[in-house]
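This report looks at selected features of one protein model. Read it with the sequence and the structure side by side.

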Amino acid sequence: MKILMASSEMSSLARTGGLGDVLDSLPTALRLAGHEVSVVLPLYRNIRENPQLRLKETGVHFSVQVGEKTVEAGVVQTVAANGTQVFLVRRDEYFDRSGIYGTEGRDYGDNAERFIFFSKAVLELARRMQPAPDVIHVHDWQTALIPVLVREWALPFRTVLTIHNLAYQGSFWPYDFRFTNLPGDYFGAKGVEFFGSLNLLKAGILFADAVTTVSETYLHEIQTPASGCGLDAVIREQIGKFTGILNGADYAIWNPATDKLLPQTFSPEALAGKRVCRDALLSEMGLDPNPRGPVIGMITRLAEQKGFDILLPVLDRLLSDDVRLVILGEGDLAYEAELRYHMLKHRGRLAFRQEFDFKLSHLIEAGSDITLIPSRFEPCGLTAIYSLKYGTLPVAHAVGGLTQIVRDYDPVTDDGWGFLFQEYQAEALWDAIKRARFEFLDQTIWAELMQRAMQQDFSWKLTAAEYSALYEKLSAAS
């Protein structure tokens, strides 16, 4: 089948989180399963200025109606490092900016207009493709208007919406509805309106032919008022079209036995290289060498979702012992300030780097003994999947996809490969950290846990098979 994926991120070109990783890996897995897959993204400034990319003009230009304006768009193409054909929608007015969604911790004020334009441009491109796509697979709120437009314009495409994080819904003030150019009756309970606002994700849920979430557990959670982010009633009403499909890992990229970004590779049978990576990580981050306790890593967005409100209260206790903590990420300015303060307070034991550095993220995965994932909610938990492969044991909140990835270690039965805590509280997190630190004291047990973790398989092949079955079901129903 011919699949066109529409997204605002793809890690090798533009990334802020796990969405980009999925768009880098899933198309490759689907191609190996026999599908023809291409991806369409906005042409952001950082893509246009990337000297490693070969951008080629397609000669395709079209007009897009955005409210009262007629906006001209062009299409550029390239081939991603994984071999995926990528189309890039060019409109510098919207995308020639320093950030994807905003800058300095604030969203751009015209994000509704930007991504409504992009959604319409995706369909203009799809209408011109020969042969035409069988399925348009859209990701998150930025492209969730596409299924609505497919229905309104009576286009011959089946649509799939994947929700990577329900907390981000594309909710805007009602005046932005004008950019959709939809008939007025769409701004109602059975359309794009939600409690007086324009809600793009809610619209996608209603109009897509199928909706997926990035784990089965998360699908169950978002049907409840506690985790449904206000949309739980909508989801329960549409539950017949939902499927939970756990994301996978691209082990061609995330594999310590072949990872060229590491100072030394290693495997479950030959773990010596992990110690080399550990020493290299401490040196790179300017931390004191040879701690008696574990090196703990955290690669994350700095957001409340990621558990900083329960992590910060235990930082002093954690760092009073001879451990090292490395945090890589950017986001909330208040959390950045807190981490800088603690870095000065615990000099030599805590390192925080405010950026996303792909090479450093690999070194953190390889050089850490423990990965910290105290998320309030976690739709999937790709970091945990990567960490397991590198023998870095997760300390994680038992929520969302993490419950499908991490099995809590039980010393009585000698079962499990991580440390879970149930209650979202600072003391529960601290108890899980203490359990992990206690087991770390026995390096024989710890080595066995590392080897067990590294043998877990969360490859994209399994995920691609589930998506293939979903696509075939939609095609048969058309």
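Is Asp309 buried, partly exposed or exposed? Asp309 counts as partly exposed, at 30% relative accessibility. The model is predicted, and the values below are computed from it.

## Salt bridges between distant parts

The count of salt bridges in this model comes to 30. One of them joins the side chains of Asp309 and Arg376, with N and O 2.8 Å apart. Asp309 belongs to helix α10 (residues 308–311), while Arg376 sits in the loop between β18 (370–373) and α14 (382–389), so this salt bridge ties together parts that are 67 residues apart in sequence. Arg376 is partly exposed, with a relative accessible area of 34%.

Another salt bridge is formed by Arg317 and Glu427, whose closest N and O atoms are 2.8 Å apart. This pair also links distant parts of the chain: Arg317 is in helix α11 (residues 315–319) and Glu427 is in helix α16 (residues 426–440), 110 residues apart. Arg317 is partly exposed at 32%, and Glu427 is partly exposed at 42%.

## A salt bridge within one helix, and a network

Arg127 and Glu124 also meet in a salt bridge through their side chains, at 3.5 Å from N to O. Both residues are in helix α4 (residues 111–128); because they are three residues apart there, about one helical turn separates them. In general, an α-helix has 3.6 residues a turn, so residues three or four places apart point the same way. The two partners do not fall in one accessibility class: Arg127 is partly exposed, with a relative accessible area of 44%, whereas Glu124 counts as buried at 14%.

Salt bridges can also join into a network, as they do for Lys69, Arg91, Glu93 and Glu113.

## Helix α12

Helix α12 covers residues 333–345, which is 13 residues. From its first C-alpha to its last it reaches 18 Å, close to the 18 Å expected at 1.5 Å a residue. At the start of this helix, a side-chain oxygen of Asp332 comes within 2.7 Å of the backbone nitrogen of Ala334.

Which residues of α12 are buried? Tyr335, Glu336, Leu339 and His342 are buried. They lie on the same side of α12, because they cover an arc of only 130° around the axis. The elements that cover these buried residues include α10, α11, β16 (324–328) and β17 (350–353).

## Cysteines

How many disulfides does a search of the whole structure find? The search finds zero. A disulfide is a covalent bond between the sulfur atoms of two cysteines. For Cys229, the closest cysteine sulfur is in Cys380, 16 Å away, which is too far for a bond.

Two of the cysteines can be described by their accessibility. Cys229 is partly exposed, with a relative accessible area of 33%, and Cys277 is buried, with a relative accessible area of 0%.

## Gln456 in its loop

Gln456 is located in the loop between α17 (443–454) and α18 (460–477). A polar atom of the Gln456 side chain lies 2.9 Å from the backbone oxygen of Arg452. Apart from neighbours within four places in sequence, Gln456 is in contact with Tyr251, Leu388 and Trp417.

Technical notes
Residues are numbered from 1 along each chain as its sequence is written. This is a predicted model: local features need pLDDT of at least 70, side-chain atom pairs count only at pLDDT 80 or more; totals for chains, interfaces and linings use all residues. Side-chain values use heavy atoms; hydrogens and water are left out. A salt bridge is a side-chain nitrogen of Lys or Arg within 4 Å of a carboxyl oxygen of Asp or Glu. Helices (H or I, at least four residues) and strands (E, at least two) are DSSP runs, numbered from the N terminus. Buried means under 20% relative accessible area, exposed over 50%, partly exposed in between (1.4 Å probe, protein chains only). The expected span of a helix is 1.5 Å times one less than its number of residues. The arc is that of the directions from the helix axis to the C-beta atoms. Contact means heavy atoms within 4.5 Å. A polar contact is a pair of N or O atoms within 3.5 Å; within protein, one must be able to donate a hydrogen and the other to accept it, and residues adjacent in sequence count only if both atoms are side-chain atoms. A disulfide is a pair of cysteine sulfur atoms within 2.5 Å.
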